[in-house]
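The following exercises are meant to be worked with the structure in view. Each task is followed by a solution that proceeds step by step.

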Amino acid sequence: MDFRLQPHQQDTVTRAQGLAESLRAQALVRDDEATFPLDSLKDLADAGLMGVNVRPEYGGLGAGVVAYSLAVSTIAAADPAVAVTMAVNNMVNEVIQQFGTDDQRQHLIPAITSGEFSCGSFCLSEPGSGSDAAGMRTRATRTDDGWSITGAKAWITSGAYAGIFLVWASTGPPEDRAISLFAVPADTPGITVGNAEEKMGQHASNTVALSFDDVKIPADSIVGEPGMGFPIAMMALDGGRIGIASQSLGIADAARSIAEDLGLTDGLHELDAALEAARSITWRAAWLKEQGDRPFSREASVAKLMASEVAGQWAAELYRRLPASSDSAFEDHRRFAAKLLRDVRVTRIYEGTSEIQRIVIARDLIRRASP
Ligand code: CAA
């Protein structure tokens, strides 16, 4: 196995590094003011980073999943809130690329990769169904010429700024788990965007509730086959978990870098080893996904579980070790360390909690052990 970066991977990292310094410089202000980073997102789009694993014909870089992972980590080390917005945009684009019609691909993906739509949103979770994704109550019923969606979604990343929502809705009796996926323009009548959640961290990312009241959409809004929405969501989340693992690595790298700058790494060898192990499994999951024909669900869950946990430990350990100082140069480190500590917590929650990753891993173990 060759761990050297290929030219297209190095090029992607260079693009991300080119934006990271200015993102980091503004990260604390953005966080204090909870400013959604519209300009920065356009810069990311211009650099191709909203579609790293998206084909160039749709405005993506076509650079693959390993390059994507490296880019998310690089942006996350500068500002985790920008990284999650980038990650969800990439995930939405990849769902449309993999499961959408030619028409959906040609119209929707370039709008997100180019920055015409600042964001796309992944609307799966509901107030009563976060971990139990199949327990959703949002329903889509057929009309004469399409579908009507009614229901509520919760904790939707970028929901107030998205141009397009990918919305999962039940299209059959609950016991059949008939769930379908729809691409819904954000300005469709009947959609209400709730107030932004007041979160402990990642203030510059936008998280809202959405309600759908008889939202009428044409028949060609369905993404994939009717009733295939649940497996599509699960496959998308497998990839999404590589994104959050990569974001977590970036947070851990940022914490480690501050600890190194301040000479605070004594005795952190176990944590250092755990970070490198998490990085290896994240890259392996990314590589497996990139092959296109290999299962990677288990590796993505292991990566997210390990990377998010170790990033939390790095952020906590850094904060615990910070000495008292009135030096103004130190103040930036202290405030950024505090931001990392607040930002990192949700990496163990979104795109499937650590408990859900353990379930995915355990089920895979059982399946392998079954004759
Ligand atoms: N790939 C393809 N198909 C899959 C799959 C996968 N990884 N996992 C499951 N499936 C299929 C199964 O094969 C099964 O198909 P059949 O019915 O044909 O047999 C079907 O899906 C149902 O599978 P399960 O019985 O395993 O489903 P379950 O109800 O027991 O739930 C779960 C599984 C893993 C707990 C799932 O509900 C889950 O992942 N929950 C977490 C949800 C989540 O991660 N939400 C994140 C929200 S998005 C977000 O956070 C974005 C953001 O803002 C940052």
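**Exercise 1: Charges over rings**

Arginine 24 lies over the face of phenylalanine 336, at 3.7 Å from the ring centre. The model is a predicted one, in which local features need pLDDT of at least 70 and side-chain atom pairs count only at pLDDT 80 or more, while totals for chains, interfaces and linings use all residues. Residues are numbered from 1 along each chain as its sequence is written, and side-chain values use heavy atoms, with hydrogens and water left out.

Task. State which ring lies under the charged end of arginine 177.

Solution. Step 1: recall the criterion, by which a charge sits over a ring if NZ of Lys or CZ of Arg is within 6 Å of the ring centre and within 35 degrees of the ring normal. Step 2: apply the criterion to arginine 177, whose charged end sits over the ring of phenylalanine 230, 5.5 Å from the centre of that ring.

**Exercise 2: Aromatic pairs**

Task. Classify the pair formed by phenylalanine 36 and tyrosine 161, and locate both residues.

Solution. Step 1: the structure holds four aromatic pairs. Rings of Phe, Tyr and Trp (its six-membered ring) pair if their centres lie within 6.5 Å; planes under 30 degrees apart count as stacked, over 60 as edge-to-face and the rest as tilted. Step 2: the ring centres of phenylalanine 36 and tyrosine 161 are 3.9 Å apart and the planes are at 5°, so this pair is stacked. Step 3: phenylalanine 36 belongs to the loop between helix H1 (7-33) and helix H2 (38-46), and tyrosine 161 to the loop between strand S3 (146-157) and strand S4 (162-170), so the pair ties together parts that are 125 residues apart in sequence. Helices (H or I, at least four residues) and strands (E, at least two) are DSSP runs, numbered from the N terminus. Step 4: phenylalanine 36 is buried at 9% relative accessibility, whereas tyrosine 161 is partly exposed at 34%. Here buried means under 20% relative accessible area, exposed over 50%, and partly exposed in between (1.4 Å probe, protein chains only).

Task. Determine how the rings of phenylalanine 165 and phenylalanine 212 are arranged.

Solution. Step 1: their centres are 6.4 Å apart and their planes are at 75°, so the pair is edge-to-face. Step 2: phenylalanine 165 is in strand S4 and phenylalanine 212 in strand S7 (residues 207-218), and the pair links these distant parts of the chain, 47 residues apart. Step 3: phenylalanine 165 is buried, with a relative accessible area of 1%, and phenylalanine 212 is buried as well, at 3%.

**Exercise 3: Positive phi angles**

Task. Describe the phi angle and the setting of tryptophan 155 and of aspartate 214.

Solution. Step 1: most residues other than glycine have a negative phi. Step 2: tryptophan 155 has a positive phi, near 55°. This residue is in strand S3 and is partly exposed at 46% relative accessibility. Step 3: aspartate 214, not a glycine either, has a positive phi of about 50°. Aspartate 214 lies in strand S7 and is partly exposed, with a relative accessible area of 35%.

**Exercise 4: Contacts of helix H6**

Task. For glycine 250 and arginine 241, state whether each is buried or exposed, and give a C-alpha distance for each.

Solution. Step 1: glycine 250 is in helix H6 and is buried, with a relative accessible area of 0%. Its C-alpha is 7.8 Å from that of proline 80, although the two residues are 170 residues apart in sequence. Step 2: arginine 241 is also found in helix H6, and counts as buried at 5% relative accessibility. The C-alpha atoms of arginine 241 and tyrosine 350 are separated by 8.9 Å, with their positions 109 residues apart along the chain.**Exercise 5: The second largest pocket**

Task. Identify which helix gives the largest share of the lining of the second largest pocket.

Solution. Step 1: a pocket is an open set of points on a 1 Å grid over the protein atoms alone where a 1.4 Å probe fits, with protein on both sides within 12 Å along at least five of seven lines; lining residues have an atom within 4 Å of a point. Step 2: the second largest pocket is lined by 27 residues, of which Asn53, Glu94, Gln98, Lys289 and Phe296 lie nearest its centre. Step 3: helix H3 (64-78), helix H4 (80-99), helix H6 (229-261) and helix H7 (269-291) each give two or more residues to this lining. Step 4: the largest share, seven residues, comes from H4.
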